[in-house]
Amino acid sequence: SGAGVKVHAHDPLLDADRLESFGAVPVESVHDVPDLDAAILVTGHEEYAGLELSDLAAEMRTPLLVDGRDFLDHEAVAAAGLRRITVGDGTDDRSQA
């Protein structure tokens with residue numbers, strides 16, 4: 001397989017055409033993308049507050065979560081086995097790395 005990045009995106013407020021206009025592959029759920037190298041949360045939609053973080057971590061090739069809104073509970077992220085990077089406050093939780 002070739003090198004590079006393939007971005008998959010989900011946003012409950014945007015349709016597939018809009019996501020594609022950003023160069024992303026639209027998905028119905030983060031669980032639709034096996035072997036993720038990282039998950040990046042860029043919106044604080046309430047739908048994402050209910051993410052099953054342990055399921056997400058188990059499905060990922062690299063359990064890395066970039067929380068761009070500092071939206072998710074830090075303890076829940078750590079308990080799920082995810083390494084968390086929070087944009088804006090300089091946090092890089094390597095305790096789960």
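Leu13, Leu14 and Phe22 form a nonpolar patch on the surface. Together they offer about 320 Å² of accessible area. Leu14 sits in the loop between β1 (8-9) and α1. With a relative accessible area of 34%, Leu14 is partly exposed. In soluble globular proteins, nonpolar side chains tend to be buried together. The model shown here is predicted.

**Overall layout**

- The protein contains 4 helices and 6 strands.
- Along the sequence, these elements come in the order β-α-β-β-α-α-β-α-β-β.
- The protein has 97 residues, and 30% of them count as buried.
- About 6,200 Å² of the protein is exposed, and carbon and sulfur atoms supply 50% of that area.
- Take the contacts between residues at least 6 apart in sequence: 39% of them join residues at least 24 apart.

**Confidence**

- The average pLDDT of the protein is 86.
- A score of at least 70 is reached by 87% of the residues.
- Helix α1 (residues 16-21) has the highest confidence, at 96.
- Strand β6 (residues 91-93) has the lowest, with a mean of 65.
- Where pLDDT is low, the predicted coordinates should not be read in detail.

**The nonpolar core**

- The largest nonpolar core has 15 residues.
- Leu53, Met60, Leu65, Leu72, Val77 and Leu82 have the most contacts inside this core.
- Two elements, β3 and α3 (53-59), give two or more residues to the core.
- Helix α3 gives the most, with 3 residues.
- Leu65 shows how such a residue is surrounded: leaving out residues up to four places away in sequence, Leu65 touches Ala39, Leu72, Val77, Leu82, Arg83, Arg84 and Ile85.
- Among these partners of Leu65, Leu72, Val77 and Leu82 are also on the list of core residues with the most contacts.

**The salt bridge**

- How many salt bridges does a search of the whole structure find? The search finds 1.
- Arg61 pairs with Asp37 in a salt bridge, and their closest N and O atoms are 2.8 Å apart.
- Arg61 lies in the loop between α3 and β4, and Asp37 in the loop between β2 (25-26) and β3, so the pair ties together parts that are 24 residues apart in sequence.
- Arg61 counts as exposed because its relative accessibility is 54%, and the cut-off for exposed is over 50%.
- Asp37 has 44% relative accessibility, so Asp37 counts as partly exposed.
- Side chains of opposite charge can pair when their charged atoms come close.

**Two loop residues to find**

- Thr43 is in the loop between β3 (39-41) and α2 (46-49).
- Is Thr43 buried or exposed? Thr43 counts as buried, because its relative accessibility is 19% and buried means under 20%.
- Beyond its neighbours within four places in sequence, Thr43 is in contact with Asp11, Tyr48 and Arg69.
- Asp70 belongs to the loop between β4 (64-67) and α4 (74-79).
- At 37% relative accessibility, Asp70 is partly exposed.
- The phi of Asp70 is near 50 degrees, a positive value in a residue other than glycine.
- Most residues other than glycine have a negative phi.

Terms used:
Residues are numbered from 1 along each chain as its sequence is written. This is a predicted model: local features need pLDDT of at least 70, side-chain atom pairs count only at pLDDT 80 or more; totals for chains, interfaces and linings use all residues. Side-chain values use heavy atoms; hydrogens and water are left out. Buried means under 20% relative accessible area, exposed over 50%, partly exposed in between (1.4 Å probe, protein chains only). Contact means heavy atoms within 4.5 Å. Accessible areas come from the Shrake-Rupley method with a 1.4 Å probe; for residues, only the protein chains shown count as cover. pLDDT is the predictor's confidence in each residue, from 0 to 100. Patches are made of residues with over 30% relative accessible area and no salt bridge: like charges are joined within 9 Å, nonpolar side chains (Val, Leu, Ile, Met, Phe, Trp, Tyr) within 5 Å. A salt bridge is a side-chain nitrogen of Lys or Arg within 4 Å of a carboxyl oxygen of Asp or Glu. A nonpolar core is a set of buried Ala, Val, Leu, Ile, Met, Phe, Trp, Tyr and Cys residues joined through side-chain atoms within 4.5 Å.
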